[in-house]
Amino acid sequence: MANDWWKSAVVYQIYPRSFQDSNGDGVGDLQGIRSRLDHLEWLGVDVLWLSPIYASPHADNGYDISDYEAIDPAFGTLEDFDALLADVHARGMKLVMDLVVNHTSDEHPWFVEARSSVDSPKRDWYWWRPPRAGFAAGQAGAEPTNWRAFFSGSTWELDPASGEYYLHLFHVKQPDLNWENPEVRSAVYAMMNRWLDRGVDGFRMDVINLISKVLPLGDGEPLPGGLGNGFPLYANGPRVHEFLQEMHREVFSGRDAELLTVGETPGVTTDHAVKFTDPDRAEVDMVFQFDHVDVDHGPLGKFDTQPLDLVRLKAILDRWQVALAERGWNSLYWNNHDQPRVVSRFGDDRDHWAASAKALGAVLHLQRGTPYVYQGEEIGMTNAGFTSIDQYQDIEVHGAWDELRAIGVPDERILAGMAHVSRDNARTPVQWDASEHAGFTTGTPWLPATPNHTWLNAAAQREDPDSVAAFYRRLIALRHELPVIAHGTFEMLLPGDPQVFAYRRELDGTVLTVVANLSGDDVAVDVEDPGADVLVANLPDPVVGADLRPWEVRATLTA
Ligand code: TEU
């Protein structure tokens with residue numbers, strides 16, 4: 001197996017809670033995943049990435065882990081896991097686990113012990129600080145730094161017993177591990193090694209570029225609302241590359257070629273991304289950057305959603321293609337469990353649902369990088385259509401609701417933003433068929449299935465050669481078949497065009513040209529080679545060189 005087999009691979013992300021329930025409790029589980037492997041094999045994906053299935057109080061749906069060695073009973077048992085892994089391998093696929101080690105749950109025994117006493121041998125496994133000088137514990141403004149947490153409020157929580165605060169970049173139930181402490185790092189590496197020894201094929205590393213903080217911890221630039229922006233003080237921090245190189249030595253060396261490692265890296269710059277993914281540096285295979293999915297955020301954050309500026313979106317993706325052309329490697333994604341559904345966000349889920357889902361799929365999959373398909377994306381699943389705050393389960397939404405109301409943003413505006421970009425949009429049950437609850441569960445689903453499952457579902461699409469799913473299947477097969485897709489150069493075309501996304505790929509004399517109309521108007525394009533053959537298209541009777549119809553995509557090949 002070539003060392004860079006993952007350059008021609010496609011990864012499929014499973015969010016177990018919403019994928020398939022097998023026991024009627026309304027929560028997806030490992031046996032449920034086993035029962036749906038046919039679909040994934042049919043689709044042709046190479047690697048499955050499982051969002052966290054470890055023991056967890058589920059404050060953040062499993063991104064708050066209380067035991068790295070155990071499977072959460074909601075999902076099954078270790079035996080179920082071994083059976084799933086064996087099934088996945090038997091079908092020629094790989095299985096990658098989520099690794100959440102910037103923080104644990106506050107219910108993890110490490111934190112319970114750390115919290116028990118200032119003298120605990122585990123005290124220094126987390127970040128403890130006294131109140132700010134001149135302030136009493138609990139007094140307003142006593143937090144050791146002014147940082148705002150990702151899920152609203154301060155990043156510091158007072159532990160009344162000791163009068164000290166602990167750091168949580170995310171939720172109060174997600175205390176940050178102190179990676180400065182070598183014992184923490186050894187414990188994490190040992191745990192990773194045990195999972196690899198068990199047979200897993202790699203890791204998707206949650207917020208891995210946040211593990212090294214600038215010391216001493218200090219205040220960030222003030223934000224509206226009184227807190228400060230700590231991000232530059234803990235993202236891409238001073239020791240992050242050193243830690244990942246150490247992890248590589250301690251965990252991956254010797255078995256690296258078979259594995260896939262991907263770092264989730266919010267706020268990563270292209271310079272850091274090259275460092276993270278340059279094979280000579282031995283850190284990770286690829287990272288997830290966020291610039292393109294932050295494109296519609298407004299001054300008040302993600303829920304202050306702005307209309308898509310396509311020229312800007314293209315400039316961002318072009319910049320990433322260019323920056324990682326010589327060294328390093330891109331991940332390509334529109335969707336994951338934290339992002340709204342792309343057909344609703346950048347496509348047109350009302351008038352051109354199928355065409356826009358396919359056009360967006362093609363534009364992404366034919367770029368240079370490893371594509372990730374998030375469950376349900378392959379059938380063009382849409383946003384949830386929630387209209388009231390009570391319909392949401394996500395902690396991020398509820399934190400933001402309180403915070404935005406407190407600064408006077410009208411409810412309707414907040415709800416409109418949430419309907420566009422809340423994470424729950426991605427977390428409704430996978431729409432398997434037209435039956436009640438979309439075939440996801442026989443019980444009551446933890447989040448309701450979207451009503452459009454009566455016509456938008458996998459069963460219907462598997463029978464239809466023109467379906468969104470059939471189109472994704474073809475895109476995945478093309479990456480396996482055509483080296484120009486995996487390995488060719490990338491050149492953006494028509495960068496200033498506000499409706500067309502077009503680019504050219506080239507390898508050893510083979511030229512692949514992609515032209516996509518990401519609008520509902522007819523538009524002219526003049527960048528295709530008139531002698532080229534249509535490789536893949538989303539509308540009937542494509543004609544090379546003709547005006548693009550609404551949401552039409554054509555990929556053409558010249559040998
Ligand atoms: O997400 C980290 C992250 O920076 C974002 O995706 C974040 O959730 C989003 O910007 C909020 O709007 C990872 C996981 O993917 C996410 O599900 C977890 O909640 C988070 O880390 C904490 O573990």
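UniProt annotations may be inferred rather than shown by experiment, and their positions are given here in the numbering of this chain. With that in mind, the UniProt record, an unreviewed entry, places the feature "domain: Glycosyl hydrolase family 13 catalytic" at residues 13-427. The model itself is predicted. Across residues 13-427, helix makes up 31% and strand 13%, and the C-alpha atoms at the two ends of the span sit 12 Å apart.

Zooming out to the whole chain, the count comes to 16 helices and 20 strands. The radius of gyration is 23 Å, close to the 24 Å that the globule rule gives for 559 residues, so the chain is as compact as a globular protein of that length. Along the principal axes, the C-alpha atoms fill a box of roughly 75 × 55 × 50 Å. As for burial, 51% of the 559 residues count as buried. Contacts tell a story about sequence distance too: taking those with a separation of 6 or more, 65% are between residues 24 or more positions apart.

Next comes the ligand. There are 13 residues around the ligand, and the ones that come nearest are Asp60, Tyr63, Phe170, Pro266 and Asp338. By character, the shell splits into 6 nonpolar, 6 charged and 1 polar.

Among the helices, α11 is worth a look. Helix α11 covers residues 353-365, 13 residues in total, and runs 18 Å from its first C-alpha to its last, close to the 18 Å expected at 1.5 Å a residue. Of those 13 residues, 12 are buried, so α11 is largely enclosed by the rest of the structure. The buried set includes several alanines, namely Ala354, Ala355, Ala357, Ala359 and Ala362. It also takes in Lys358 and His365, along with Ser356, Gly361, Leu360, Val363 and Leu364.

A little further along the chain sits strand β15, residues 370-374, with Thr370 in it. Thr370 has 24 other C-beta atoms within 10 Å, and since 20 or more is the cut-off, this residue counts as buried. Which residues does Thr370 touch, leaving out those up to four places away in sequence? The list holds Trp6, Lys7, Ala9 and Val11, then Met286, and finally Trp329, Ser331 and Leu332. For the last of these, the C-alpha atoms of Thr370 and Leu332 are 5.6 Å apart in space, although the two residues are 38 residues apart in sequence.

Methods. Residues are numbered from 1 along each chain as its sequence is written. This is a predicted model: local features need pLDDT of at least 70, side-chain atom pairs count only at pLDDT 80 or more; totals for chains, interfaces and linings use all residues. Helices (H or I, at least four residues) and strands (E, at least two) are DSSP runs, numbered from the N terminus. The radius of gyration is taken over C-alpha atoms; the globule rule is 2.2 Å times the number of residues to the power 0.38. Two residues are in contact if their C-beta atoms, placed from the backbone, lie within 7 Å. A residue is near a molecule or strand if its C-beta atom, placed from the backbone, lies within 6 Å of it. Ala, Val, Leu, Ile, Met, Phe, Trp, Tyr, Cys and Pro count as nonpolar, Asp, Glu, Lys and Arg as charged, and the others, Gly among them, as polar. The expected span of a helix is 1.5 Å times one less than its number of residues.
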